[in-house]
Amino acid sequence: MHTTLHLLAEAAPPQMLPARSLMAFTLASHIILVPLGVALPLITLIMHGYGLRRGDATALLLARRWSAVMAVQFAIGVVTGTVLSFEFGLLWPGLMGRWGDVFGIGFGVEAWAFFLEAVLIAIYLYGWRRLPARTHFLLGLPLPVTALLGAFGILAANSWMNTPRGFSLDSEGNPVDVNVWKAIFTPMFGPQYWHFVVAMLVTAGYVVAGVYAVGWLRGRRDRYHRLGFTVPFTVAAVFTPIQFMLGDSIARAVFQKQPVKFAAMEIVWNTDTHVPEYLFGRLHPDGTVTGGIKIPQLDSILAGFSPATEVHGLSSVAAADRPTVAQATLIHWTFDIMVGIGSVLLLLAVWYAFVWWRRRRLPASPWFYRSAACAGVASVVAVECGWITTEVGRQPWIVYENMRVAEAVTGARAGSLWTMFGLVVVVYVFIFGSFLAVLLKMRTRWRLDDERSPEAGAMVTPETDTPYGPRSAVAAGDSPAPGDGGGAAPTRDGRP
């Protein structure tokens, strides 16, 4: 509690705390949806392509159901993403007013990607049972591209805030002579973009696979659940070691381009060589560190592959130009948590790969599936920790070394901002509650559909039904089975 108060109670305008709290809450909420928004289209199309290539009705059924989840998630993401876009102008008018002409193109790219993705999702959903199989699949292929394009726009804007480039300043400190390409492709753009994209693939893969891992633990071990687990988990397992290497790369980029942020991440107080690495621990105002596990010289080795590597400390810049001690401790913990989760996920991926290499089957241990069920939640936590590290580590700057957060904040009354914060919390609880309720309702309907189809006398099961071509015939005098019937009659789960 003492650390939290010191973290928030800075000498700043009274609007700072509510504005930061509101932005942090809405951003953290939106990030929960982002992995599915960015990566689920690709995972769905992998399953779709597998089903078409192998003539596998189970894979096609999974792809169709995942596309419905994708559409619901997109609708919720539209709401939370729109709120964030308004907050940039309402909460941080100083940022957008002075610097919008420089880095605003990233938001423009994201907006175009959003509209394209909305159209393509609608076409993809409509295409089930209505378009030829190959045409439908090909029309879905641009979906992952638009998702990556949206991420491109957002990461271009964020990386510019971390390493601003592509402008000159006039005598009044306003940006002029904007070079759009340099503003987009800043020194941190590449490391941030690929680290983010692969993180989304890893997280979405583990989240989706976790659903079917829970089903396996509950005794549902049919082909439907095996395939629903194997494809997304394989995607996540393949990208996990890649993400580990990208994480090491971006940490070294931060060391080179943002040395003060790196010092905060590693709670380094004095500039020195042979700097130790602390696993967790707490930094104090006098520069001492208590708690945690100290590993001699490791920080210098990780930063520059040599114990003689010099690491800049927080004390190398004025106190007003660096994160506070409490902020440094916070991002050191979030950074360590992120790395720790990544390391555990890497071990899980190695376990999966080893069993598959030796026995050509899925692991049989219940502990593997318990771990897989937890991996999705752990991945989301790691993503949240990564963003906290990125944003808090840049403090007190909103545009690194060019504009402080206090200069950008709105002049609205603090009381009004707190009221807005409370309303947003209530609305978001309703939105995410509705999202969860819809997903549970879809799950229940799909399960009932799978259970009742055989009982109705029609051979329509997850293993035999297909979304293409005419529906299974119904004997004369029989009632159409749920999920069956001719023409465009709806099934129990609402599919056309």
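**Exercise 1. Determine what share of the 496 residues of the protein counts as buried.**

Solution. Buried denotes under 20% relative accessible area, with a 1.4 Å probe and protein chains only. By this criterion, 49% of the 496 residues count as buried. The model is predicted: local features need pLDDT of at least 70, side-chain atom pairs count only at pLDDT 80 or more, and totals for chains, interfaces and linings use all residues. Residues are numbered from 1 along each chain as its sequence is written, and side-chain values use heavy atoms, with hydrogens and water left out.

**Exercise 2. Describe the largest nonpolar core and identify the helix that gives the most to it.**

Solution. A nonpolar core is a set of buried Ala, Val, Leu, Ile, Met, Phe, Trp, Tyr and Cys residues joined through side-chain atoms within 4.5 Å. Step one: the largest such core has 95 residues, and Met-47, Phe-196 and Leu-314 are among those with the most contacts inside it. Step two: helix H9 (residues 189-217) gives the most to this core, with 16 residues; helices are DSSP runs of H or I with at least four residues, numbered from the N terminus. Step three: apart from this core lies another, of 27 residues, including Trp-99 and Val-399.

**Exercise 3. Locate Met-47 and establish whether Met-47 is buried or exposed.**

Solution. Met-47 lies in helix H2 (residues 16-54). Its relative accessibility is 0%, and therefore Met-47 counts as buried. Leaving aside residues up to four places away in sequence, Met-47 touches Ala-59, Leu-62, Ala-63, Trp-66, Leu-227, Gly-228 and Val-231, where contact means heavy atoms within 4.5 Å.

**Exercise 4. Characterise the crossing of helices H3 and H10.**

Solution. First, the axes of H3 (residues 57-91) and H10 (residues 223-257) come within 10 Å and cross at roughly 65°; the axes are lines fitted to C-alpha atoms over the stretch in contact, and angles run from 0 to 180 degrees between N-to-C directions. Second, on the H3 side the contact includes Leu-62, Arg-65 and Trp-66, and on the H10 side it includes Arg-223, Leu-227 and Gly-228.

**Exercise 5. State which residues of helix H6 are buried and how they are arranged around the axis.**

Solution. In H6 (residues 133-140), His-136, Phe-137 and Gly-140 are buried. These residues lie on the same side of H6 because they cover an arc of only 95° around the axis, the arc being that of the directions from the helix axis to the C-beta atoms. The buried residues of H6 pack against H2, H5 (105-127) and H7 (142-162).

Terms used: Buried means under 20% relative accessible area, exposed over 50%, partly exposed in between (1.4 Å probe, protein chains only). Helices (H or I, at least four residues) and strands (E, at least two) are DSSP runs, numbered from the N terminus. A crossing is left-handed if the near helix is turned anticlockwise from the far one by less than a right angle, and right-handed if clockwise.
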